[in-house]
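Reader: I have a model open and would like to learn how to read it. Where should I begin?

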Amino acid sequence: MEYLIPLLLFLIAFNTPRTWATDVRTPHYEGIDCNQCQQGCGNEQHLVTAGSTRQAVQIIIRNSCDGANLESALERNDSGGVFKLIIPEVGVRNAFCDVTDDGGNWTVFQRRMNGKVDFYRGWEDYVNGFGDLQGDHWLGLEALHQMTKGRNMEMKIRMIKKSGVYWIAKYSHFRIGPGSDNYRLRVSGYSGNASRGGLSYNNHRQFSTKDADHDRSSLNCASAHEGGWWYDRCGYSNLNGNFNKRRDKGLWWYARASNRLGFSEMKLRKRS
Ligand SMILES: [Ca+2]
């Protein structure tokens, strides 16, 4: 009889739900348990209590940059800030939300502004993303695929030529195919003041890197242009080229000799 009470206490302790239990089906990021945001990821944002019981912190995880409020940004600057996004099949990822340009709600997936990040990288890096979210970076092909899969998304490219001219190329339809199709690019519905030909030969092409040649040239276009891109034979743009080089290996749009760029930014959002 004297063993009954300890036995009862033991059973109660092991049948009490553990708030901080992890679940292999849910994404994890820097030790954050995202169990709770799995329950309502169709919503605008999720308040997630993360960490251990001893060291709990509250962060906001969003399922997109739609309506992102800079007050909840992890870091911020004049045009937007870094937020935690939950991306289906990818998990929780930091991303830069542009909240000012053209009505905001943009997720930035590529930026070249100072050449501090090397973009002449291999396949894995381009799939998973790299760089500094407030500076030069690439969000990652898998994230792009998951964010555009079955969704109506638009895409905007902002460029500044070395000569100081501002260019916009906007596409009302933007989709990136799955990894099994090497993240094929599909854009349509161009508007803007840059040459519309910049992506014309790269559209409908698979992505290539120096170690994964999926282009339609006998050359390795990624090596010839020192970047990763949807190369064709090899095409009329190279926004992931070498920031510090000219012509073939540099950053250019449509005409490699005359349209050298000193800035480029690519971003997507839900089509309104
Ligand atoms: Ca080739």
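Author: Begin with the residue that follows helix 3: G150 has a positive phi, near 65°. Keep in mind that the model is predicted.

Reader: Is helix 3 mostly covered or mostly open, and how many of its residues are buried?

Author: Helix 3, residues 141-148, is mostly covered, with 6 of its 8 residues buried.

Reader: Which residues of helix 3 are buried?

Author: The general idea is that an α-helix has 3.6 residues a turn, so residues three or four places apart point the same way. In this case the buried residues are L141, E142, A143, L144, H145 and M147.

Reader: What do the buried residues of helix 3 pack against?

Author: Their partners are strands 6, 7, 8, 12 (166-176) and 14 (261-270), together with helix 2 (123-128). For one residue in detail, take L144: leaving aside neighbours within four places in sequence, L144 is in contact with F109, L139 and I176.

Reader: How do I read a nonpolar core, and which residues touch the most other members?

Author: In soluble globular proteins, nonpolar side chains tend to be buried together. Here the largest nonpolar core has 53 residues, and A95, C97, L141 and L144 touch the most other members. Strand 12 gives the largest share of this core, 5 residues. Because domain 1 (1-100) and domain 2 (105-272) both give residues to the core, it lies between them.

Reader: How many residues of strand 7 are buried?

Author: Strand 7 covers residues 91-98, and 6 of its 8 residues are buried.

Reader: Which strands pair with strand 7, and in which sense?

Author: Strand 6, residues 80-87, pairs with strand 7 in the antiparallel sense over 8 bridges. L85, for instance, has R93 in strand 7 as its bridge partner. Strand 8, residues 106-112, also pairs with strand 7 in the antiparallel sense, over 3 bridges. There, the bridge partner of D98 is W106.

Reader: What joins strand 6 to strand 7?

Author: The two strands form a hairpin with 3 residues between them. In that turn, E89 has a positive phi of about 70°.

Reader: Last, a loop. Where does G164 lie, and is G164 buried or exposed?

Author: G164 lies in the loop between strand 11 (153-161) and strand 12. A residue counts as exposed if 12 or fewer other C-beta atoms lie within 10 Å of its own. G164 has 7 within 10 Å, so G164 is exposed.

Reader: How far is G164 from G262 in sequence and in space?

Author: G164 and G262 are 98 residues apart in sequence, and 8.4 Å apart in space, C-alpha to C-alpha.

Definitions and conventions:
Residues numbered from 1 in each chain as written. Predicted model: local features only at pLDDT ≥ 70, side-chain atom pairs only at ≥ 80, totals over all residues. Buried ≥ 20, exposed ≤ 12 C-beta atoms within 10 Å, placed from the backbone. Helix = DSSP H or I, 4+ residues; strand = E, 2+ residues; numbered from the N terminus. Pairing = 2+ DSSP bridges. Core = buried A, V, L, I, M, F, W, Y, C linked by C-beta atoms within 7 Å. Domains from an automatic or database assignment. Contact = placed C-beta atoms within 7 Å.
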